[in-house]
Amino acid sequence: VSGTQEDDVLWIAMAGIHQIWALMLEGGKLPKGSDLKKGVCLRFAGSGNEENRNNAYPHKAGFAQPSGLSLAPEEPWSCLFVADSESSTVRTISLKDGAVKHLVGGERDPLNLFAFGDVDGAGINAKLQHPLGVTWDKKRKLLYVADSYNHKIKVVDPKMKNCATLAGTGEAGDVVGSSFTQSAFNEPGGLCVEESGRLMYVADTNNHQIKVLDLETKILSMALPILKPEACDVPDNLPVQKDKLTNLPRLPKSAPNVQLPSLTVAPGQTIQFLLKLTLPPDSKLNEEAPSAWFITAEDNTWLLQGQCLTGEIKDVSCQTVIPFQLPGSCVSAEATLAIKACLYYCSKGSSACMMAGVLFNQPLQVTGTDQGSSAQVELMHTFITN
């Protein structure tokens, strides 16, 4: 921002009055503006008319329920990206002169707010449907868009004005632990890329979840699942009570016990368990039964503080990612974590249905040495017909 630091202004999407406002967190200037005192809040762009109108003069431009904003202060971008929901476009506002320009989506007629769709392409040939969120990836120089009504996350190259599907099938759903192209959302609304540029968090609105996209491995997992309170949300400062674990399923006595190699970890470190299970030939999961994974630690319940202890297994054709983070304060240097999977599956050729399970024992060696921000452990098992 001219005359100020990039964090001196809070940008506000005023969806109801179709404008972009600015709150001065410190004294300074807005593009082509006069000196403003700290605490001043004023209109920066938008006439107030609900339309898709670009203009070199920001007060003459028109927006239609602008909802998501993301700042790219560095050259050559020096702009504010706007998810303009009702016009199904992404727009830019220059931080040098305030000019409002089109990036992707919509059409040329500023009064047509029905030029929506789901088309990958460049500029006006790309189509979105009611995008609600945008976030700038300064590492890759890319913009990500929560294309809400298309149930997708799109990626835009602002240099070439190309817009393409990054994640989501286009059908409303809830699929995690899979590749981006196999994943499913239900009206994703908000996005945020973390500081290192590796992870992107998605507010998956109608699934009531926060999901995380690993931009390097291209795997989608769940960062904050909303589950039964007895299976999740254990306060960090309280021990895990046994009665909190009573609703977890019990494995059949025939379930195999897989002993994993010991893993060296550090307090606070994240572990991603990648669960890959294979059913007997000509079998499929019973969609009406609750196949699930869950975590226990009978002699080391301190490991479970603050953890999400269970989740659904909806598809065995792809990996299920099970997130786990060691507590910041570890009670002992050695501990064992048990990761269990319980499946209900049926033979495709008959009505016979079965229950099967597997237990993975993961010994942990806790050291004070940082082992990196994340470790991955593969959990693989093939079930055979009895």
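Where is the place of histidine 151? Histidine 151 sits in the loop between β12 (142–147) and β13 (152–157), and this report starts from that spot. The model is predicted, so to speak of local features a pLDDT of at least 70 is needed, side-chain atom pairs count only at pLDDT 80 or more, and totals for chains, interfaces and linings use all residues. Residues are numbered from 1 along each chain as its sequence is written, and side-chain values use heavy atoms, with hydrogens and water left out.

**Loops and their backbone angles**

Strand names such as β12 follow DSSP: strands are runs of E of at least two residues, helices are runs of H or I of at least four residues, and both are numbered from the N terminus. Here is some background for the angles below. Most residues other than glycine have a negative phi, and most peptide bonds are trans.

Histidine 151 has a positive phi near 60°. Histidine 130, with phi near 55°, is also a residue other than glycine with a positive value. Its loop runs between β10 (121–122) and β11 (133–137). Histidine 18 takes a positive phi near 60° in the hairpin of β1 and β2, which has four residues between the strands.

Are these loop residues buried or exposed? With a 1.4 Å probe and protein chains only, buried means under 20% relative accessible area, exposed means over 50%, and partly exposed lies in between. The table sets out some residues by this scale.

| Residue | Relative accessible area | Class |
|---|---|---|
| Histidine 130 | 12% | buried |
| Histidine 151 | 12% | buried |
| Phenylalanine 114 | 67% | exposed |
| Cysteine 163 | 3% | buried |
| Cysteine 330 | 24% | partly exposed |

Phenylalanine 114 belongs to the loop between β9 (100–105) and β10. From C-alpha to C-alpha, phenylalanine 114 and glutamine 129 are 9.1 Å apart in space, with their positions 15 residues apart in sequence.

Another loop, between β6 (66–72) and β7 (79–84), holds proline 76. Glutamate 75 and proline 76 are joined by a cis peptide bond, with omega about 5°.

**Two open sheets**

Strands of a sheet pair through backbone hydrogen bonds, either parallel or antiparallel. Here, two strands count as paired if DSSP finds at least two bridges between them.

One open sheet has five strands in the order β10-β14-β13-β12-β11, and its pairing is antiparallel. At its edges stand β10 and β11, each with a single partner strand, so one side of each is left without a neighbour in the sheet. Within this sheet, β13 and strand β14 (residues 162–167) run antiparallel and are joined by five bridges. Lysine 154 stands opposite threonine 165 in β14.

A second open sheet is built from three strands in the order β1-β2-β5, again with antiparallel pairing. The edges here are β1 (9–14) and β5 (41–45); each has a single partner strand, so one side of each lacks a neighbour in the sheet. On average, neighbouring strands of this sheet are turned by 35° against each other, direction ignored. That angle comes from axes, which are lines fitted to C-alpha atoms (for helices over the stretch in contact), with angles running from 0 to 180 degrees between N-to-C directions. Six bridges link β1 with strand β2 (residues 19–24) in the antiparallel sense. Across this pair, valine 9 faces methionine 24, and alanine 13 stands opposite isoleucine 20.

**A cavity, a repeat and the cysteines**

A search of the whole structure finds two cavities of 30 Å³ or more. A cavity is a set of points on a 1 Å grid over the protein atoms alone where a 1.4 Å probe fits but cannot get out, and lining residues have an atom within 4 Å of a point. The second largest cavity holds about 30 Å³ of space. Its lining includes Leu275, Ile313 and Cys318, and strand β22 (residues 270–278) gives the most to that lining, with three residues.

In an unreviewed entry, UniProt lists residues 185–216 as "repeat: NHL". This span is 0% helix and 56% strand, and its end C-alpha atoms lie 20 Å apart.

Finally, the structure holds zero disulfides, a disulfide being a pair of cysteine sulfur atoms within 2.5 Å.

Methods
UniProt positions are given in the numbering used here, feature names are shortened, and annotations may be inferred rather than shown by experiment. On a 1 Å grid over the protein atoms alone, a cavity is a set of points where a 1.4 Å probe fits but cannot get out, and a pocket is an open set with protein on both sides within 12 Å along at least five of seven lines; lining residues have an atom within 4 Å of a point. Grid points are joined across faces, edges and corners, and a volume is the space filled by probe spheres set on the points.
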